[in-house]
Every structure is written in structure tokens, then in C-alpha cells.
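Q: Please take me through one part of this model at close range, and then carry the same careful look over to the regions beyond it. I would like one connected account that I can follow with the coordinates open.

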Amino acid sequence: MIDRGRFWSLLAPADRDALERIGQRRRYGSGEVLLHQAEPSNHILILLSGSVKVTCSDAEGREVVLALRGPGDILGEMEVMIEEAPRSAAIRTLRNEVDALVVPARRFVEFLDRHPAAWRSLYTVLALRLREANRNAREFGRTGVRQALARLLSDLARQHGEPVENGIAISVLSQDEIAACIWSSRDAVAHELQLLRRKGILSTGRRVVTVIDLPALDHIARRGDD
């Protein structure tokens, strides 16, 4: 979940206006499914506000959180570029309402053909996501729960955190969802959170984690707790 370019912000104002004209704004409620796994790919979404999680089911039917997306991110674009490909993942809002621009698949492809600079913006986003996926693949299984948790919380603090009096508050994920993000168990995550609390690196409350010492968290994320 490294920092990456947001498709909407990479577009020129004229290209954003053109997309607005062929799309339709829609609001989704908290916990609502925006895209279903395996459904036909007949439109793309561009998030204008709020955050969502991208998930799939593993062989045992458990939810695996693949990524979080926020304002400016494009969703569902991969399958649209492959005719009649079913959705490879589901997308659900987190604990917030989401505003999105819904663009029909055919009209989005036509838009890209008419706006070459938008193609470059989309390519940039896809390249950054591929790099992120490659990094995660290299590191999967090589780090312990504590380091993986620290890396996730560090990314969440920067991308989705809200400044508060004593640090940066993260409220977008539950402990179950955090565990799903790092392929761990809820008990293991709760144990590591307790240890990080004792070190004064963070505090926890009801469905919120507050990062108090981000440099210390970054150190664990990079090198483990050495």
C-alpha cells in the first residue's frame, strides 16, 4: 500500500470535464458493495470521496484484503480493458459514505482513444500498482507479523490517517480487516498491537488506532524490532 498516483489528479482539467460529461455521480453508503467479484465488467468507477477496500475470497472462503483505495483512484479498469472479463475482486465501502463517478465501459474506452494524455495517466497508475504488487510478493512470507503490521499502519497513517492531538488516527479498518490485509489472525494482530502500545508507539480505542510515534513505527516497518 505504498503512495501512488491517483488517476483523477493525474488528468488534465479538460479530461476530467470530459469524463464528467459521460459519467454519472453516485453515492454509496457505509459497508455497501460497489463491485461484486465475478460480475460482468460493464463500467468503471472513479472515487471522488471516501475509502473502499478491494477484496477476494481465498480457497477456504475467507476474505483477503488486497488493497485500500481513496479519493481519485480508479476502480474496475483492468477488466474493462479485457472484453467480457469478469471482475477479479469485490470492492466495498469502509465505514464511510463514498461518492463516485460511474462511467460505462464502452464510453470509457472511447474516452481513452480520444484523449491520449488520459491513456498515459492510466498507464502510470497501472505501473505503480504493478510495482506495489511486486513489492508485496517479494516481501510476503519474509517478514513477521509485527513488521508487516507496522508497515501497514505506517501506510494507513500517511494515506488515510487524520491528525489528532496526540498523533495520527486510523479508523478505516477493524482488527479483523487489518489481519486480513497482512494474512494473519486477529489474535496475532491484537497481541502485536498490545506490544506496540506498551512501547508507546500507538494507542488503541474502539475501532481506532492512533499512531503516536510514526518514526518508531517506520523503523519497525523497515528493519523489524531490532
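The answer below starts with a sheet and the helices on it, and then moves on to other parts.

A: Happy to! The model is predicted, so local features need pLDDT of at least 70 and side-chain atom pairs count only at pLDDT 80 or more, while totals for chains, interfaces and linings use all residues. Residues are numbered from 1 along each chain as its sequence is written, and side-chain values use heavy atoms, with hydrogens and water left out.

Let's start with the sheet. It is open, has four strands in the order 1-8-3-6, and its pairing is antiparallel. Helices (H or I, at least four residues) and strands (E, at least two) are DSSP runs numbered from the N terminus, and two strands pair if DSSP finds at least two bridges between them. The edge positions go to strand 1 (24–28) and strand 6 (74–75); each has a single partner strand, so one side of each lacks a neighbour in the sheet. If you look at the strand 6 end, strand 3 (residues 43–49) is joined to strand 6 by two bridges, and the two run antiparallel. Within this pair, Ile74 of strand 6 has Ile46 opposite it.

Now add the helices. Helix 4 (residues 105–114) packs on this sheet, where strand 3, strand 6 and strand 8 are touched by it; contact means heavy atoms within 4.5 Å. The direction of helix 4 makes about 80° with that of strand 8. Axes here are lines fitted to C-alpha atoms, for helices over the stretch in contact, and angles between N-to-C directions run from 0 to 180 degrees. Helix 2, for its part, lies across strand 1, strand 3 and strand 8 (98–104), and runs at about 80° to strand 8.

Helix 2 (residues 13–22) deserves a closer look of its own. Its buried residues are Asp15, Ala18, Leu19 and Ile22, where buried means under 20% relative accessible area and exposed over 50%, with partly exposed in between (1.4 Å probe, protein chains only). These residues sit on the same side of helix 2 because they cover an arc of only 100° around the axis, the arc being that of the directions from the helix axis to the C-beta atoms. Pro13 and Arg21 are exposed, on the face of helix 2 turned away from its buried side.

Staying with these strand numbers, there are further pairings to trace. Strand 7 (residues 90–93) pairs with strand 2 (residues 33–35) over two bridges in the antiparallel sense, and here Leu35 has Ile91 of strand 7 as its bridge partner. Strand 7 is also joined to strand 4 (residues 52–57), by four bridges, and these two run antiparallel. In that pairing Arg92 of strand 7 is the bridge partner of Lys53.

The loop between strand 2 and strand 3 holds Ser41. Ser41 counts as buried because its relative accessible area is 17%. Setting aside neighbours within four places in sequence, Ser41 is in contact with Glu79, Val80, Ala85, Pro86, Arg87 and Ala105.

Further along the chain there is another open sheet of four strands, in the order 9-10-12-11 and with antiparallel pairing. Strand 9 (162–164) and strand 11 (202–205) are the edge strands, each pairing on one side only. From one strand to the next, the twist averages 30°. Strand 11 pairs with strand 12 (residues 208–211) in the antiparallel sense over four bridges, with Val208 of strand 12 opposite Gly205. Helix 6 (residues 145–160) lies across strand 9, strand 10 (167–170), strand 11 and strand 12, at about 95° to strand 10.

Finally, follow the chain into helix 9 (residues 214–223), where you will find Asp218. Asp218 counts as buried because its relative accessibility is 12%. Not counting residues up to four places away in sequence, Asp218 touches Ser154 and Arg158. The segment after helix 9 contains Gly224, which is buried, with a relative accessible area of 10%. Leaving out neighbours within four places in sequence, the contacts of Gly224 are Gln147 and His219. Gly224 and Arg146 lie 78 residues apart in sequence, with 7.3 Å from C-alpha to C-alpha in space.
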